[in-house]
Amino acid sequence: MRNGAVENLIDEFTSLIGSVNSIPFNKQEIAQIKKDYALIILPKLSIHNLILPVHIVIDFSEGNLFNDYIASGIQSIAGLNIKIDQHLSKLTDIYLTDTFNPSYTKQQIIWPAMPKKSDWQQLKAHIMSLQKHRFDQLDTSN
């Protein structure tokens with residue numbers, strides 16, 4: 001896992017330990033110190049802290065009871081950093097509904113009937129794809 005802020009923190013720790021040592025570290029020792037810090041820091045960070053959540057708005061014509069059912073199904077999918085929002089906004093990544101909204105130009109997923117297992121699987125795959133794309137952007141921007 002790569003993240004500029006994490007790498008900067010590891011570099012700061014390495015510099016700090018190097019500055020208090022009376023004998024300068026060689027390149028191999030510095031590389032080992034950075035690796036040690038990475039092994040300490042990275043397991044404490046979850047991918048949720050490195051990638052922005054996927055914002056989903058759920059709006060089915062059946063009403064709140066059905067919307068709540070869909071939201072609980074989404075939240076039960078383990079390991080996904082998802083935020084369910086009540087209203088469409090500039091943060092919305094997925095608009096999950098049963099009726100196409102022609103005025104909304106971002107991603108819409110239409111489930112015209114009770115979702116099947118394949119619908120849930122496709123939604124999960126789409127969310128994971130969005131997260132992978134964001135993670136890849138973090139990795140290449142630093």
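This passage describes the largest pocket, helix H2 and two buried charged residues of a predicted model.

The largest pocket of the predicted model has a volume of about 210 Å³, and its lining is made up of 13 residues. Of these lining residues, Ile 58, Asn 64, Asn 67, Asp 85 and Gln 86 are the ones that lie nearest the centre of the pocket. Three elements, namely strand S1 (54–59), helix H4 (64–75) and strand S2 (82–85), each supply at least two residues of the lining, and among the contributors it is H4 that gives the most, with 4 residues. In chemical character the lining divides into 6 nonpolar, 4 polar and 3 charged residues.

Asp 85, which is among the residues nearest the centre of the largest pocket, lies in strand S2. With a relative accessibility of 13%, Asp 85 falls under the 20% limit and therefore counts as buried. The side chain of Asp 85 is joined to that of Lys 83 by a polar contact of 3.3 Å.

A second buried residue with a charged side chain is found in helix H5 (residues 117–141), where Arg 134 is located. The relative accessible area of Arg 134 is 19%, and because the limit for burial is set at under 20%, Arg 134 is classed as buried. A polar atom of the Arg 134 side chain lies 2.8 Å from the backbone oxygen of Pro 53.

Helix H2 (residues 27–41) comprises 15 residues and, from its first C-alpha to its last, reaches 21 Å, a span close to the 21 Å that is expected at 1.5 Å a residue. Within H2, the residues Ile 33, Ala 38 and Ile 41 are buried. When the helix is seen down its axis, the buried residues of H2 fall within an arc of 135°, so they line one face of the helix. On the other side of H2, by contrast, Gln 28, Lys 35, Leu 39 and Ile 40 are exposed. Gln 28 also takes part in an approach at the start of H2, where a side-chain oxygen of Asn 26 reaches to within 3.0 Å of the backbone nitrogen of Gln 28.

Notes: Residues are numbered from 1 along each chain as its sequence is written. This is a predicted model: local features need pLDDT of at least 70, side-chain atom pairs count only at pLDDT 80 or more; totals for chains, interfaces and linings use all residues. Side-chain values use heavy atoms; hydrogens and water are left out. On a 1 Å grid over the protein atoms alone, a cavity is a set of points where a 1.4 Å probe fits but cannot get out, and a pocket is an open set with protein on both sides within 12 Å along at least five of seven lines; lining residues have an atom within 4 Å of a point. Grid points are joined across faces, edges and corners, and a volume is the space filled by probe spheres set on the points. The expected span of a helix is 1.5 Å times one less than its number of residues. Buried means under 20% relative accessible area, exposed over 50%, partly exposed in between (1.4 Å probe, protein chains only). The arc is that of the directions from the helix axis to the C-beta atoms. A polar contact is a pair of N or O atoms within 3.5 Å; within protein, one must be able to donate a hydrogen and the other to accept it, and residues adjacent in sequence count only if both atoms are side-chain atoms.
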